[in-house]
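Dear colleague,

Please find the structure below, followed by a short account of what was found in it.

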Amino acid sequence: MNLKGKSIVRFGEIQDLVKSYYPDADLDLLRHAYIYSAQVHQGQSRRSGEPYLVHPVAVAGILAQMRLDEASVATGLLHDTVEDTLTTVDTLEQDFGKDIALLVDGVTKISKIEFQSKEERHAENFRKMILAMSRDIRVLLVKLADRLHNMRTLDHMPREARQRIARETMEIYAPLAARLGIYWMWTELEDLAFRHLEPERYELIKTSLEESIKLKEVHVNNILRIIQEKLGQYTIEAVTKGRSKEIYSINRKMLAQNLEFDQIHDVIAFRIILISVNECYAVLGLIHSLWRPVPGRFKDYIAMPKANGYQSLHTTVIGPEGARIEIQIRTHEMDLIAEEGIAAHWSYKEGKAVEAEDAKVVNWLRQMMEWQQDMDDPREFFENVRVDLYPDEVYVFTPKGEVKEFPKGATPLDFAYSIHTEVGHRCVGARVNGKMVPLKYHLLTGDSVEIVTSAHQKPSKDWLKYVKTGRARVKIRHYVLAEERERSVEIGRAGVDRELKKWRIELNRAEREGEILKIAKEFSFKTETDLYASIGYGRISPKVLITRLVPPQEREKAKAALTEEKPVQKQISKAKSGVRVQGLTDILVNFAKCCNPLPGDAIRGFITRGRGVTIHKQDCENLLATDSNRIVDVSWDDEQNLSRLVGLSIDAENRSGLLAAISGVFSSNDSDIVQANVKTQDELKAHGIFMVSVRNLEHLTRIMNALRNVKGVEKVERMGTV
C-alpha cells in the first residue's frame, strides 16, 4: 500500500482503520487519547489558522495507515502534549500507562534537539537523537510521522523556517526513513524538502515529468501488455505496474550524471509482483528472453538483501523502440517490506504485537545502543552511525568541531577548497587527528582536519588526481589552465620577439600597426594573445610570422634562410634550480610536492606544458603512472649549492627542554627552521612538524640521525609533501 501524500483528518477514520487490521485493538484507549489531546490543545492554533488538534490527528492517521499498534497511534495523538502543554510525563503514565508515557517522552526528547546546518551540527546532538529513538523503535516511527505531516503543511511557515526545516528533513529524517526501509515515506520527505529548498528546479522537473508521463502513456501500456501476455503463456499470476520515479530521485540522477531531463530515459520503472521466490527468478529469465538485458545493470537483492531488509531483483533491458526499461521483480511480501520497511514487520498474532526486536532492521538501532555504551567520545559514536546511515559519504570535523560532508575518497584538498578557494590554492597538507598527512590522504568519517597552508604554494595539475568534489576540481582546473595560458603567452611572445629581432623587426611596432592581429586572424585567432598562446604551447612555430612581416623584397630570402636553417645544438640547461635538464634549454624547473626530491635522490623529469619540467624521485608512484614519452633525463647540478625545504615529523616524550634540544640540532647542523608546529598529545607524548632547509640528502640524513640521538625522541620521519 503506497501511503505517499495520503492524509487522514478525522478521528473516526483512524478508529475504523485500526479495527480493520487489528480487530482486538483497544479502541477505548484511542478515544481517551483523542479526547485528552483535544482538551489540552484547546485554544491552540497552527500557522494555517486551523485548530492545533488537526496535527496530532493527522500524525495518528499516518501511524494507523502504517498499521502500527494502538500504543503507537495513541502516542501520535499525544506526542506534543508534554512539549506544548502543561502535561507531564508522570501525568501521562497515570492516565495511559508507562508504555505510552515512555514513547511520548522519547518523541519529546528528539523534538528538543536543535539541528542546525550540517556544518554546525554536533556529534553529541546526533547521539542524543539515536539514544532517544533506539530505546523503542516506535519513538522514531512516531517522530517520522510527525515530521511528514509538518512537511506536508510547511507552506504556512516563514521562508527562513521552511528552508531550515526542509534542510533538516533532507539531511536527517529522510535518510533515517530510508535506513528503516520505509520507501514511500523516504521519497515523500525528499520530494517535499526539495520543493522548499529548490522550488524553481522542483517545479521544472515536476512539469517535465508530468508531460513525459502523458507522452509515454501508450508506450507504458504497451510494455505492460507485452509482459502480461508473456506471463500468461506460462500461467504465472502476477501484478504488473509502471510507476514514475520521484522528483528528487530524478534530480539526483541528473546531477550525478550531468544530464538534462530529456536525456533520462527511465523515468518510469516497471514492477512485477509474484507469489514465490522461484517465480521471481523464472520471470527474470522470461524478461531477458523478451528483451536484451543491459550489461552490468542486474542486481540480485533477493540473494543479498540490503541492510534495511529490502529484497528484489533489478534489471534494465533494451525494450521496444530501443528504449531502456528498468524492471523490478519481487514477491508480495517483498513489495510490502520495500514500501513500508520496518512497519511491515508489525504483524499481529493472537492479539499481540510482535516485538520490534524480531525485525532484522532493528538490529541496527540495537547496535547503536551497544556502541554508545562503549564510547565516551561522541565523535567516535557519530562516525559509526554516519558511516552506516550514509555509506557513500564521509563526515569530518573542523578544528571548531563543526561537521563537513564529502564523498568517499575525498582528500584534504577537498576540505581546503570547501573553506575558501585561496585556502585550497595554498594548501600544502593537513593535520588529521593531530598528525600531518599528505594531500592524497583519504579522509575518514570522524577525522578532525586542520589545513596547513603556505604563501609559496600553488595548485598543480596533479592535484586533479586527488580531489573528488566538483568545487575543488573546477577551482584547480581553472587555476592551472589560467597559469598555463599565461606562461604560454609569455613564452610565445618571447619566441616571436627573438625571431623578429634576427630580421631587425620590432615586435612592439608590429603590434601597434596591427600586423600581429592581422596574422592572428589568418590563423582564426581573435587576438594577438591567442596567437602567442598557441605558439607558446608549441602548436605554431614563431617563424611563420617572419615571411609575413619582412619587407616584400626580402621575403624570398627569408623563406630560403628558414628552409636552410640548421637545428640548434642540444644543450644542458643550468637554471637556478640546482637541476640540469638534458636536451632542453631555457626550461622552467619545478619540484614535485608528492615526493619532494632532494639533491642526492635519484631523479627524473616530467615535461608539463606551460610549467616546464617537474622533478620527481625516480621511484615516485605519480611519475611511474604518467606518459613515459614525456619523461626526460635530469641530474643534480653539483656546481650550485642551493637549499631545499623538507618536512620532518618527530614523535617524542613530553619533557622539559625537548624543544630547545631539537632546535639545537638544527642550528648545529647549519639548518634553518622555516616553520614549526608542536603539540602535546597527552601528559607523556608530544608530536612536532618541522619545515627545515637542507642542502642535500646527505645533509638531511645527518640531521635525522642527530635528532634520533636526542633524549626522549622516539621517531623521526621525512615527509613527502611540503
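In which sense, left-handed or right-handed, does H9 pass H11? The crossing is left-handed, a term used if the near helix is turned anticlockwise from the far one by less than a right angle, with clockwise being right-handed. This is a predicted model, in which local features need pLDDT of at least 70 and side-chain atom pairs count only at pLDDT 80 or more, while totals for chains, interfaces and linings use all residues. Residues are numbered from 1 along each chain as its sequence is written, and side-chain values use heavy atoms, without hydrogens and water.

Helix H9 (residues 137–152) packs against helix H11 (residues 183–197) at about 35 degrees, and their axes are 10 Å apart. Helices here are DSSP runs (H or I, at least four residues), numbered from the N terminus. Axes are lines fitted to C-alpha atoms over the stretch in contact, and angles run from 0 to 180 degrees between N-to-C directions. Among the residues in contact (heavy atoms within 4.5 Å) are Leu144 and Leu148 of H9 and Met185 and Leu189 of H11.

Met185 also belongs to the largest nonpolar core, of 95 residues, where Met185, Ile327 and Ile329 touch the most other members. Such a core is a set of buried Ala, Val, Leu, Ile, Met, Phe, Trp, Tyr and Cys residues joined through side-chain atoms within 4.5 Å; buried means under 20% relative accessible area (1.4 Å probe, protein chains only). H9 gives the most to this core, with nine residues. Another core, of 23 residues, lies apart from it and includes Phe406 and Val432.

Yours sincerely

Definitions and conventions:
Helix = DSSP H or I, 4+ residues; strand = E, 2+ residues; numbered from the N terminus. Buried < 20%, exposed > 50% of the residue type's maximum accessible area, 1.4 Å probe, protein only.
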